[in-house]
Amino acid sequence: MAEPITIHYHRDFDGMVSAAALAHVLREMKDERVEWRSVNYDQRRDWDNFQRGRRFAIVDFHFHPRAEYWFDHHPTTFLEPEHEELYEPSENWLLDTSSPSCPPIILHHAEKHWGYTISERFHEMIHWSNVIDAAQFESVDEALFGDDPALRISRCLAVAPTPDWQDKIVRDMIDLRLEEVAMRPDVEKAWTRAARNRDKALDHFPGTVIDVENGVMLYDASSNKIRRERFAPFFHDPDIFYAVGVIPTRGGFHVTCGVNPWNTPEGGVHVGEIMNEYGGGGHKAVGGVNPGSKDRSHEIAEEIAIRIRRALA
Ligand SMILES: [Mn+2]
């Protein structure tokens, strides 16, 4: 019997669904023995030697030339120019940067190439993967307070009780509906904690706002006592077009900027290109930069706010 194949996946909701979907399909259609383990950004450092001598697949994460199966939707997937040259869409590899999340790439590929029929259960997971990964929430209230099983599971990931917790959730996602996964007692417990953190973050946010002008909010959440909630600026002030702020990260201070997904201005600016000028990057709608020092971060955040205010004026 062949050695089992291990699926390495990005530790977020759509990455976990990707792992579950590929595990299910490989088991059903290819008679594989499948294992799975999440992969983190630190493992990119020695990427060439990743899992050398082992059988593996990668989903929702960087391309690897030795991956037996690889599916991704991130435009930044190739760590080396040579990798991009090695890549060609095939029976076992596919990149689709136009896909809002990774699971539909895998499941539609399995349908087309491996004769798989997508079940109702996986259609539901595709829907929520797209909503969560591409922030296609109907409203800021849904993004913050939505309690659909998928949204509960996704929010729980921020307070995962152990490093291998994601692997346990993936195991259940392979065979169960999201509703059943969300009923696990450890998910319910983590959800309660995560919801409490969200409420604290929303309470703290107004105190971080420096000013709002021309539809652009500037805020300073650099204190590590402040809990962060990605959509707090748009909950606090639904009329703004953009929010620019300073936040702490493990690697120093970070300037983050994003458009209001529920109040997007006509035209607007390309946030990623602006961030690029400061050594950062991103997409049109959202981007960031790590200037290192706190002072420099504040300077850059203010400069960017002024630039966007002028552009919108
Ligand atoms: Mn992902």
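Which are the buried residues of α6? Keep that question open while you load the model, which is a predicted one.

**Stop 1: helix α6**

Select residues 149–156, helix α6. The buried residues here are Ala150, Leu151, Arg152, Ile153, Ser154, Arg155 and Cys156. That is seven of the eight residues in α6, so the helix is mostly covered. Now show what lies over them. The cover includes α1, α4, α7 (165–175), α8 (178–182) and α9 (185–204). Two of these helices, α1 and α4, return below.

**Stop 2: Trp128 in helix α4**

Move to α4, residues 120–133, and pick Trp128. Is Trp128 buried or exposed? Trp128 counts as buried because 22 C-beta neighbours fall inside 10 Å, and the cut-off for burial is 20 or more. Next, add Leu178 to the selection. Leu178 is 50 residues from Trp128 along the chain, yet their C-alpha atoms are separated by 9.9 Å.

**Stop 3: α4 against α3**

Keep α4 and add α3. Two packed helices are described by the angle between their axes and the distance between the axes. For α3 and α4 the angle is about 145°, and the axes are 9 Å apart. Colour the contact residues. On the α3 side, choose Pro103, Pro104 and Leu107. On the α4 side, choose Phe122, Met125, Ile126 and Ser129. By class, this contact has six nonpolar residues, one polar residue and no charged ones.

**Stop 4: α3 against α1**

Hide α4 and bring in α1, residues 13–30. The axes of α1 and α3 come within 8 Å and cross at roughly 20°. The two helices are therefore roughly parallel, since angles under 35 degrees count as such. Their crossing is right-handed. From α1, the contact takes Asp14, Val17, Ser18, Ala21, Leu22, Val25 and Met29. From α3, it takes Pro103, Ile106, Leu107, Ala110 and Trp114. Step along the α1 list with a helical repeat in mind. An α-helix has 3.6 residues a turn, so residues three or four places apart point the same way. Sorted by class, the α1 contact with α3 has 10 nonpolar, one polar and one charged residues.

**Stop 5: Lys112**

Stay on α3, residues 103–114, and select Lys112. How many other C-beta atoms lie within 10 Å of Lys112? There are 10, so Lys112 is exposed; the limit for that class is 12 or fewer. For a long view, draw a line from Lys112 to Asp295. Their C-alpha atoms are separated by 53 Å, with the two positions 183 residues apart along the chain.

**Stop 6: strand β3**

Now go to β3, residues 56–59. In a regular strand the side chains alternate between the two faces of the sheet. Show the side chains and look at each face of β3. Phe56 and Ile58 are on one side, Ala57 and Val59 are on the other, and all are buried. Both faces of β3 are thus covered.

Then look at the partners of β3. Strand β1, residues 5–10, runs parallel to β3 and is joined to it by four bridges. Pick His8 and find its bridge partner in β3, Ile58. Strand β4, residues 69–72, also runs parallel to β3, with three bridges between them. Here Val59 has Phe71 in β4 as its bridge partner.

**Stop 7: the six-stranded sheet**

Zoom out to the open sheet of six strands, ordered β6-β7-β8-β9-β11-β10. Its pairing is mixed. Which strands stand at the edges? They are β6 (209–213) and β10 (281–282). Each has a single partner strand, so one side of each is left without a neighbour in the sheet.

**Stop 8: strand β8 and its partners**

Finish on β8, residues 242–249. This strand is mostly covered, with six of its eight residues buried. Strands of a sheet pair through backbone hydrogen bonds, either parallel or antiparallel. With β7, residues 216–220, β8 pairs in the parallel sense over five bridges. Select Asp220 and find its partner in β8, Val246.

With β9, residues 252–259, β8 runs antiparallel, and eight bridges join the two. A hairpin of two residues links β8 to β9. Select Thr249 and its bridge partner Gly252 in β9. Then select Tyr242, whose bridge partner in β9 is Val259.

How values were computed: Residues are numbered from 1 along each chain as its sequence is written. This is a predicted model: local features need pLDDT of at least 70, side-chain atom pairs count only at pLDDT 80 or more; totals for chains, interfaces and linings use all residues. Axes are lines fitted to C-alpha atoms, for helices over the stretch in contact, and angles run from 0 to 180 degrees between N-to-C directions. Angles under 35 degrees count as roughly parallel, over 145 as roughly antiparallel, 65 to 115 as roughly perpendicular and the rest as oblique. A crossing is left-handed if the near helix is turned anticlockwise from the far one by less than a right angle, and right-handed if clockwise. Two residues are in contact if their C-beta atoms, placed from the backbone, lie within 7 Å. Ala, Val, Leu, Ile, Met, Phe, Trp, Tyr, Cys and Pro count as nonpolar, Asp, Glu, Lys and Arg as charged, and the others, Gly among them, as polar. Two strands pair if DSSP finds at least two bridges between them.
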